[in-house]
Every structure is written in C-alpha cells, then in structure tokens.
Amino acid sequence: PGSYSVAPYVIPKGMKTHGVNMIFSYFYYQLGKEKEAVQATRLLAEKFHDTPLTVDALFRLAKYYAENGKKLKAREELQRLTGTEHYPKIRARALFELAYLDFQSGNTANAEKTVRQFIKDFPDNPLIAEVHYLQGDILRSRQEFPAAVKEYEMASKLRPGSLLECSALGS
C-alpha cells in the first residue's frame, strides 16, 4: 500500500556516493537550502560530470534558480549545459530551456538567436515542434504576425493530432 518511486537511472557499481550526492542535492532543493543544494550539485558535477544523474542535477539547479527569480544564475547553468558537445540530446534540451528562459525574461533577441541555433543544429530533435512554437511566440510578441503564423503552422505540421497542434492553430 502507498506509493513510491524508483530512480530512473541505474547507479553504476562503485558509484554509491554519486547516487547519495544526487539525493542530497534533491532534498536540499526541496528544503529551500540553496547553499547546500548548490554545493552538492557542484560536487556531483566535479566528480561525475558525464553521468545522467549529474545532468539531471544541473538542470534541476537551473530550474531552481529560474523559479526563485534568479534568472541570470539559471541562464549561467543552462549556458554551461549548452557546451556539452559529447551529448547532443543534452545540448539540445539546454538550448531549448535557455531560449524559453530568455523569452520569459523578455530577452527576445537572445531567445530568437538560441532558437535559430537549435533549428540549425538539431532539425530532427524531438523538441523541434516546441522550438517552432516558441519561435512563433517570440515573433508574435514583436507583432510579426505573418512570420509567427508560419512558425505555428510548422509546429502543428510536425506534431499532428497533438495538444501542441491545437495550441498552435489557436494562436
């Protein structure tokens, strides 16, 4: 009875410290203990920089900063993740998150630049429809309606029958 969750990643043998550090990082965020959360995340990134748990912790750190009004710190963390050349999917996600953060912060020039970079580097990434939708939002915010409509149409074409398609067609 009751519910529980299992970590989505298998912790490699000999990396118990890695998993424990990730758990500490997570709980510190939940408790609002920023200094401790950042220390745990930095230690994790320093010792185990190429693992999924570390990447998850770094995205969590960026999200924590963004949700707590520290947009510049969130941007710095996402910028670090965009430099992950060995892991294209991680870099793609970081670019999308960075573009979205910039758009939310009112920095449409940076957001559009990042969106264009994403489209150029990752035309086949699963997030491409969301990126076109975001580009539509950026263009609409600048009252460039014909160009925004084209982006929304592209998003709906890439994700037919989805909620994104309904949103894009309604925008």
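Let's start with Gln143, which is exposed, with a relative accessible area of 61%. Gln143 sits in the loop between α7 (128–141) and α8 (145–158). Have a look at its backbone when you rotate the view: phi is positive there, about 60°, although Gln143 is not a glycine. Please keep in mind that this is a predicted model, so everything I show you today is computed from its atoms.

Now let me step back to the whole chain. What does the secondary structure come to? Nine helices and zero strands. Reading from the N terminus, the order is simply α-α-α-α-α-α-α-α-α. The protein has 171 residues, and 40% of them count as buried. The accessible surface comes to about 10,600 Å², and 56% of that belongs to carbon and sulfur atoms. For those of you who like contact maps: take the contacts between residues at least 6 apart in sequence, and 45% of them join residues at least 24 apart.

Next, helix α1, residues 16–31, where we find Tyr26. Is Tyr26 buried, partly exposed or exposed? Its relative accessible area is 34%, and the limits for partly exposed are 20% and 50%, so Tyr26 counts as partly exposed. Tyr26 also contributes to a nonpolar surface patch of about 410 Å², together with Ile23, Phe27 and Leu31.

Another tyrosine, Tyr29, gives a contrast: Tyr29 is buried, at 7% relative accessible area. That brings me to the rings. The count comes to four aromatic pairs. One of them is Tyr29 with Tyr64, a tilted pair with 5.3 Å from centre to centre and 45° between the planes. Why is this pair worth a slide? Tyr29 lies in helix α1 and Tyr64 in helix α3 (residues 52–67), so the pair ties together parts that are 35 residues apart in sequence. Tyr64 is buried as well, with a relative accessible area of 12%. Ring pairs also bring in Tyr65, giving a cluster of Tyr29, Tyr64 and Tyr65.

While we are talking about rings, please find Phe59. Arg93 lies over its face, 3.6 Å from the ring centre.

Let's stay with helix α3 for a moment, because Thr54 is found there too. Thr54 is buried, with a relative accessible area of just 1%. Its C-alpha atom is separated by 9.4 Å from that of Asn21, and the two residues are 33 apart along the chain.

On to charges. How many salt bridges does the structure hold? There are 13. I'll walk you through a few.

In the first example, the side chains of Glu34 and Lys70 meet at 2.5 Å, N to O. Glu34 lies in helix α2 (residues 34–47) and Lys70 in the loop between α3 and α4 (71–82), so this salt bridge ties together parts that are 36 residues apart in sequence. Glu34 is buried, at 18% relative accessible area, whereas Lys70 counts as partly exposed at 29%. If you want to know why Glu34 gets the label buried, the cut-off is under 20%, so 18% falls within it.

The next example is Arg80 with Glu77, where the closest N and O atoms are 2.7 Å apart. These two are three residues apart in helix α4, so about one helical turn separates them. Glu77 is buried, with a relative accessible area of 2%.

My last example is Arg116 with Glu112, again with 2.7 Å between the closest N and O atoms. Here the partners are four residues apart in helix α6 (residues 108–121), so they too are separated by about one helical turn. Glu112 counts as buried, at 9% relative accessibility. Salt bridges with shared partners then join Glu112, Arg116, Arg142 and Glu144 into one network.

Which residue touches both Glu112 and Arg116? One answer is Gln135: leaving aside residues up to four places away in sequence, Gln135 touches Glu112, Val115, Arg116 and Glu151. Gln135 lies in helix α7 and counts as buried, at 4% relative accessibility.

So, to go back to where we began: Gln135 is buried, while Gln143 is exposed. Thanks, everyone, and I'm happy to take questions!

Technical notes. Residues numbered from 1 in each chain as written. Predicted model: local features only at pLDDT ≥ 70, side-chain atom pairs only at ≥ 80, totals over all residues. Heavy atoms only, no water. Patch = residues over 30% accessible without salt bridge, like charges linked within 9 Å, V, L, I, M, F, W, Y side chains within 5 Å. Areas by Shrake-Rupley, 256 points an atom, 1.4 Å probe, with all protein chains shown as cover. Salt bridge = Lys/Arg side-chain N within 4 Å of Asp/Glu carboxyl O. Buried < 20%, exposed > 50% of the residue type's maximum accessible area, 1.4 Å probe, protein only. Phe/Tyr/Trp six-rings, centres within 6.5 Å; stacked < 30°, edge-to-face > 60°. Lys NZ or Arg CZ within 6 Å of the ring centre and 35° of its normal. Contact = heavy atoms within 4.5 Å.
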